[in-house]
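Please walk me through this structure in the viewer. Tell me what to select at each stop and what is found there.

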Amino acid sequence: MTEQSKSVSPLDRVLPFQVDGLDVRGRMVHLNETVTRIIQRHNYPDAVNRLLAEAIALTALLGSSLKFEGKFILQVQSKGAVNMMVVDFNAPDAVRAYVRFDEEALQELIAAGKTRPEDLLGEGHLVMTIDQGQYMNRYQGVVVLDGKSLEEAAHSYFMQSEQLPTRVRLAVTEMVSKQEDGAPKSEWIAGGLLVQYLPQSSADIPHRDLHPGDHPDPEMQKTYHADEVDVWRECEALVNTIDDHELTDPAVPAETLLYRLFHENGPRVFEAMPIVDRCTCSRERIGDMFKTFDPDEVKEMVVDGKIEVTCEFCSTHYEFDPAEVAKPEAD
């Protein structure tokens, strides 16, 4: 089954695969330490943690397909309790994330037992951006959120932009154990599966992997209805048999689950790609940001003789002396 292998932990990685007998290929992701560190750093309510972990898993599935040095950015803007969520995937392996939410609206939903991702998101838009660097075009795909889960939003994205039959599964679990001193220890695991129908020869399916994007106006996007060929129907039926706990069980490696699903159709796995929690912020980057502001704007940021900045992604706190970020006077 394994075509290539590497010493990569069975958790915190993406595993690409191909099933020749069904003309499909895809990726599986398991994230443990990565999502746990991000969640513990922010200390959000559990309902928000689960949504964020799903979004990180989805971003890792999509961003890990990039074939160049760049970013894949998943962003939610909504009228729901969670009104902003951003997950950055910096190719080839780094992810970071944060959420903004309305505390009062969130507590009302929790009290009513409405804590599914689609409940927290409400109406809005899911924007997926591919940034290929300073000198290349940025591409965006926009999906309307009208009660959709992240899985459903991903399906809409692929049908609009790539026009590929695609199935996405996401699952999250929290594991609580005791430390040596008896205190509870919380760990999170996010799992995901993405499968796409990619026949070797088809004039109806023009793209072969994650397309750089589509038109940001949903009215300009084409809707594609794939022929329900037998092999794709069989693949969907197999994927639908997966329980959430199978996607998040640390005792079930991705290779094992893929074999369970597709053993009759010749599954092959390729080199696993590690995923790490790593922010791109730095004192130098933030200092460069100040150079884009007018002197009067910089003065307004000064409090008690200093400028303080906290990174929303990693919560790192920076302090600057106003003199060190002041623009040099023109000659």
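What percentage of the 331 residues of the chain count as buried? The share that counts as buried is 48%. Keep in mind that this is a predicted model.

**Whole chain**

Start with the full chain in cartoon view, where 11 helices and 14 strands can be picked out. Switch on the surface next: its accessible area comes to about 16,700 Å², and carbon and sulfur atoms account for 47% of that. Contacts are also worth displaying. Of those between residues at least 6 apart in sequence, 66% join residues at least 24 apart.

Now colour by pLDDT. The average over the chain is 85, and 86% of the residues score at least 70. Select residues 2-7, where the pLDDT is below 50; beyond near neighbours in sequence, this stretch has eight contacts in the model. Then select residues 201-228, another stretch with pLDDT below 50. Here the model has 66 contacts beyond near neighbours in sequence.

**The six-stranded sheet**

Select the strands E7, E6, E3, E4, E5 and E12, which lie in that order in an open sheet with mixed pairing. At the edges are E7 (138-146) and E12 (276-277), each of which pairs on one side only.

Begin at the E7 edge. Its partner E6 (residues 123-131) runs antiparallel to E7, and nine bridges join the two. To see one position in this pairing, show glycine 124, which stands opposite leucine 145 in E7.

Move on to strand E4, residues 82-90. Is this strand mostly covered or mostly open? It is mostly covered, with seven of its nine residues buried.

E4 has a partner on either hand in the sheet order, between E3 and E5. Take E3 (residues 71-78) to begin with: E3 and E4 pair in the antiparallel sense over seven bridges. Together they make a hairpin, with three residues between them. Show lysine 71 and look for its bridge partner in E4, which is asparagine 90.

Now add E5, residues 94-101, which runs antiparallel to E4 and is joined to it by eight bridges. E4 and E5 are also linked as a hairpin, through three residues. Within this pair, methionine 85 stands opposite valine 99 in E5.

**Helix H9**

Select residues 283-290, which make up helix H9, and show side chains for Ile286, Gly287 and Phe290, which are buried. Look down the helix axis: the buried residues of H9 fall within an arc of 105 degrees, so they line one face of the helix. Turn to the face pointing away from that buried side, where the exposed residues Glu284 and Arg285 sit.

What covers the buried residues of H9? The cover includes helix H10 (295-300), strand E13 (307-310), strand E14 (317-320) and helix H11 (322-325).

**Two cysteines**

The last stop is cysteine 279 and cysteine 311. How many disulfides does the structure hold? The count is zero. The sulfur of cysteine 279 has its closest cysteine sulfur in cysteine 311, at 3.6 Å, and that is too far for a bond, because a disulfide needs the two sulfur atoms within 2.5 Å. Cysteine 311 is likewise in no disulfide.

Compare their exposure with the surface switched on. Cysteine 279 is partly exposed, at 21% relative accessibility, while cysteine 311, at 11%, counts as buried. The cut-off for buried is under 20%.

How values were computed
Residues are numbered from 1 along each chain as its sequence is written. This is a predicted model: local features need pLDDT of at least 70, side-chain atom pairs count only at pLDDT 80 or more; totals for chains, interfaces and linings use all residues. Side-chain values use heavy atoms; hydrogens and water are left out. Buried means under 20% relative accessible area, exposed over 50%, partly exposed in between (1.4 Å probe, protein chains only). Helices (H or I, at least four residues) and strands (E, at least two) are DSSP runs, numbered from the N terminus. The arc is that of the directions from the helix axis to the C-beta atoms. Contact means heavy atoms within 4.5 Å. Accessible areas come from the Shrake-Rupley method with a 1.4 Å probe; for residues, only the protein chains shown count as cover. Two strands pair if DSSP finds at least two bridges between them. pLDDT is the predictor's confidence in each residue, from 0 to 100.
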